[in-house]
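Student: I'm new to this one, and I'd love a friendly tour. Could you show me the structure before we start?

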Amino acid sequence: MSSFAKGALLLALAAFFGECLEFLLNMILAKELGEHGMGMYMQLLPVIFFVVVISSLELPVSISKFVAEQKKEYHYSMLRHALRFVYKLTGLILIVVLVILPFLPIFSAYHPLVRYLLFLLVPIVSFSSIARGYFMGVQQMDKIAISNFLRKAVQLIVLYLLFQGLSFNESSALFIALAVLIGSEAVVFFYLFAQYLLQYRMMKQVTHHDMDGRDVHKALMSVSVPTTALRIFNAITNAIQPFLIKGALVVSGAGGVMATEQYGLLAGVAMSIGFFPAFLSHSIMVALLPNVSEAYAKQDGEQLRSLLQQSMWVTFLYGIPAVYLMYWFAEPLTHLFFQSPEASLYLKLLWPYFLFHFFIHPLQAYLIGLGLVKDAFYHSVWSHIVSFLMMYILGSMSQFQMTGVILGMNMGIILLFLLHYVTICREIGLSLFLLSSSRFT
């Protein structure tokens, strides 16, 4: 079995159990927070993800790509320079976050301590990014798999014990849910960094070659900066999307409270169920990146074609049955959260969004491995422009409302898939039907 297949399989198994825990976790949150509280929880998650993107500067991606392309003798020196860089980066981000967070109006509806949870998140994410990127690059996917599962397990166990043993009002319950989310990231950091330090000391004791710090920084930034720009753009659009949807629904005639509840059903129920199989696409993405980077560095066209064909066929084989089951069992699945006919309707309408989203992760990893991050960024910009325009136009119509929003989401994800797929096929010399042409000899 190839290293790509082994890594993807290991990550998929761990992610499957992690997603099972995530499913149970969302059920606990839904019952404890209620529809309005769940809507507020989901509204803040994009802001948290934005802080994660800024704090990591996509170092897991750049370090993974760098490690996969370089010989082992250079790993120690590269990691040493990367660690020094993260020290400076973390200090700068902490200063910016400490200055900006107290003045952001979005936190006014939440517990006053919530904003400082994000301050604690910065160093946790920054330093765990080095370890995560290294283990991805050397394809020690077992450690990545364990860390991903550990995060969900800690979050689920702690929240279950707290909510079963104690009673909280909505504000306190929401704060506890967010605090446990940050705490689970801290547990993952301690695990990954402890494993990383063991590897780092072993590398120090064997023969290694020094690298110039400026060359390392330049190599990392050549990937991190455009990839971070892409992630920042996606994080910003994700942060805007809840308010765009609510605004469109209010214009259509729905009240503010009803709009928040409908968004809670969309994001907290329908999308939680629909994204459940996405653990497979994410596993493929993590395993694919170092393999594509290595093959492209060697100009191994046959391996590049094989990796794309494998990843697309695997995604197709699990994606079609997944959306089929979600469509036909929408009502019993959504009733695990709320007895809401709207949630089951949303789940049914979103099947194209989920199916094409499963393809986006491996395609995006492929673009990064091929050095086409700018293309991925431009694709994302255009697809979001189209998606947001259609979401607002159709969602603000009284006859469509949330149905119109979902139609706009479907249009955007299909456009993004087509842009990614055509660009990759053209770059590595494949027809749109995954047949070889003459790009590589």
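Tutor: Happily! One term comes up again and again: a residue is called buried when its relative accessible area is under 20%, exposed when over 50%, and partly exposed in between. Keep in mind that this is a predicted model.

Student: Let me try that on a pair. R305 forms a salt bridge with E302, so which label does each residue get, buried or exposed?
Tutor: The closest N and O atoms of R305 and E302 are 3.6 Å apart. R305 has 7% relative accessibility, so it counts as buried. E302 has a relative accessible area of 54%, which is over 50%, so the label for E302 is exposed.

Student: Where do R305 and E302 sit, and what separates them?
Tutor: Both residues belong to helix 10, three residues apart. An α-helix has 3.6 residues a turn, so residues three or four places apart point the same way. The separation of R305 and E302 is therefore about one helical turn.

Student: Which parts of the chain does the salt bridge between K152 and E22 link?
Tutor: The closest N and O atoms of K152 and E22 are 2.7 Å apart. Along the chain the two are 130 residues apart. K152 is buried at 19% relative accessibility, and E22 is buried at 18%. The parts linked are helix 5 (residues 141–165) and helix 1.

Student: Helix 1 again! Which residues does I28 touch, leaving aside neighbours within four places in sequence?
Tutor: I28 lies in helix 1. With a relative accessible area of 18%, I28 is buried. Apart from those neighbours, its contacts are L156, Y160 and F163.

Student: Why are the buried residues of helix 12 on the same side?
Tutor: The buried residues in helix 12 (residues 341–349) are A343, S344, Y346 and L347. They share one side because the arc they cover around the axis is only 160°.

Student: And what do those buried residues pack against?
Tutor: Several helices meet the buried residues of helix 12, among them helix 8 (256–274) and helix 10 (301–328). The others are helix 11 (330–334), helix 13 and helix 15 (402–428).

Student: Last one: how many residues are in the largest nonpolar core, and which helix gives the largest share?
Tutor: This core has 150 residues, and those with the most contacts inside it are Y41, L266 and Y366. L266, for instance, is in contact with residues including Y346 and M409. The largest share, 21 residues, comes from helix 1.

How values were computed. Residues numbered from 1 in each chain as written. Predicted model: local features only at pLDDT ≥ 70, side-chain atom pairs only at ≥ 80, totals over all residues. Heavy atoms only, no water. Buried < 20%, exposed > 50% of the residue type's maximum accessible area, 1.4 Å probe, protein only. Helix = DSSP H or I, 4+ residues; strand = E, 2+ residues; numbered from the N terminus. Arc of directions from axis to C-beta. Contact = heavy atoms within 4.5 Å. Core = buried A, V, L, I, M, F, W, Y, C linked by side-chain atoms within 4.5 Å. Salt bridge = Lys/Arg side-chain N within 4 Å of Asp/Glu carboxyl O.
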